[in-house]
Amino acid sequence: MEKREQYKRIIMFFSSALILALEASIFAYVWYKYFARSGIIGRGFVRGNYVIIGLYTVMLYLFFRIYGGFKVGYLRVFEVLYSQILSIICVNIITYLQLCLIGRWTFGSNALPFLYMTAADIVIVDLCADLSSAEDALDLWLQESAGSDQKNINQTG
């Protein structure tokens with residue numbers, strides 16, 4: 001049982017890391033497609049692009065930790081889904097406000113890519129939650145199967 005818990009922690013760690021990497025890559029795509037060349041952080045300042053993407057990833061990690069978004073497999077699927085969606089919305093709003101200040105945008109301009117990004121993030125989180133619930137169902141089925149095999153052995157022996 002202890003060994004099973006260890007494997008569960010490893011799988012959940014990689015699952016959480018995958019969700020975080022997918023969310024960060026979606027932001028990186030939106031950043032490079034819509035904002036990197038518009039001179040928000042200065043032309044030719046490549047490291048600034050990395051800083052913006054890294055800052056987004058760190059904020060997303062912190063919000064996931066605060067709201068329990070990394071407890072995939074330990075909390076109910078709805079609770080994890082809710083905490084991850086709440087984290088994504090908070091981080092996207094904060095990031096948009098930061099970029100409004102850095103780029104001297106009027107509030108509401110350039111918001112459409114962020115809305116699309118938020119929708120894509122929510123879809124990714126929902127798909128990962130569906131995979132997690134399917135994994136839980138498979139795990140339950142395997143436990144019941146092993147339990148019925150044990151009953152059969154006890155009855156025949």
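**View 1. The buried side of helix 3.** Helix 3 tucks away Val 80, Leu 81, Ser 83, Gln 84, Ser 87, Ile 88, Val 91, Asn 92, Thr 95, Tyr 96, Leu 99 and Cys 100 as its buried residues. Here, buried means under 20% relative accessible area, exposed means over 50%, and partly exposed is in between (1.4 Å probe, protein chains only). An α-helix has 3.6 residues a turn, so residues three or four places apart point the same way. This is a predicted model, where local features need pLDDT of at least 70 and side-chain atom pairs count only at pLDDT 80 or more, while totals for chains, interfaces and linings use all residues. Residues are numbered from 1 along each chain as its sequence is written, and side-chain values use heavy atoms, leaving out hydrogens and water.

**View 2. Helix 3 from end to end.** Helices (H or I, at least four residues) and strands (E, at least two) are DSSP runs, numbered from the N terminus. The expected span of a helix is 1.5 Å times one less than its number of residues. For the 27 residues of helix 3 (residues 77-103) that gives 39 Å, and the end C-alpha atoms sit 38 Å apart, which agrees. After helix 3 comes Arg 104, with a positive phi near 55°.

**View 3. Inside the largest nonpolar core.** A nonpolar core is a set of buried Ala, Val, Leu, Ile, Met, Phe, Trp, Tyr and Cys residues joined through side-chain atoms within 4.5 Å. The largest one has 28 residues, and Phe 27, Trp 31, Leu 60, Phe 114 and Met 117 touch the most other members. Helix 1, helix 2 (46-67), helix 3 and helix 4 (112-156) each chip in at least two residues. Helix 1 gives the largest share, eight residues.

**View 4. Who touches Phe 114?** Contact means heavy atoms within 4.5 Å. Leaving aside residues up to four places away in sequence, Phe 114 touches Phe 27, Phe 35, Asn 92, Thr 95, Tyr 96 and Leu 99.

**View 5. Leu 22 and Ile 124.** Leu 22 belongs to helix 1 and counts as partly exposed, at 30% relative accessibility. Leu 22 and Ile 124 are 102 residues apart in sequence, yet their C-alpha atoms are 7.8 Å apart in space.

**View 6. Ile 10 on helix 1.** Ile 10 is found in helix 1 (residues 2-35). With a relative accessible area of 38%, Ile 10 is partly exposed.
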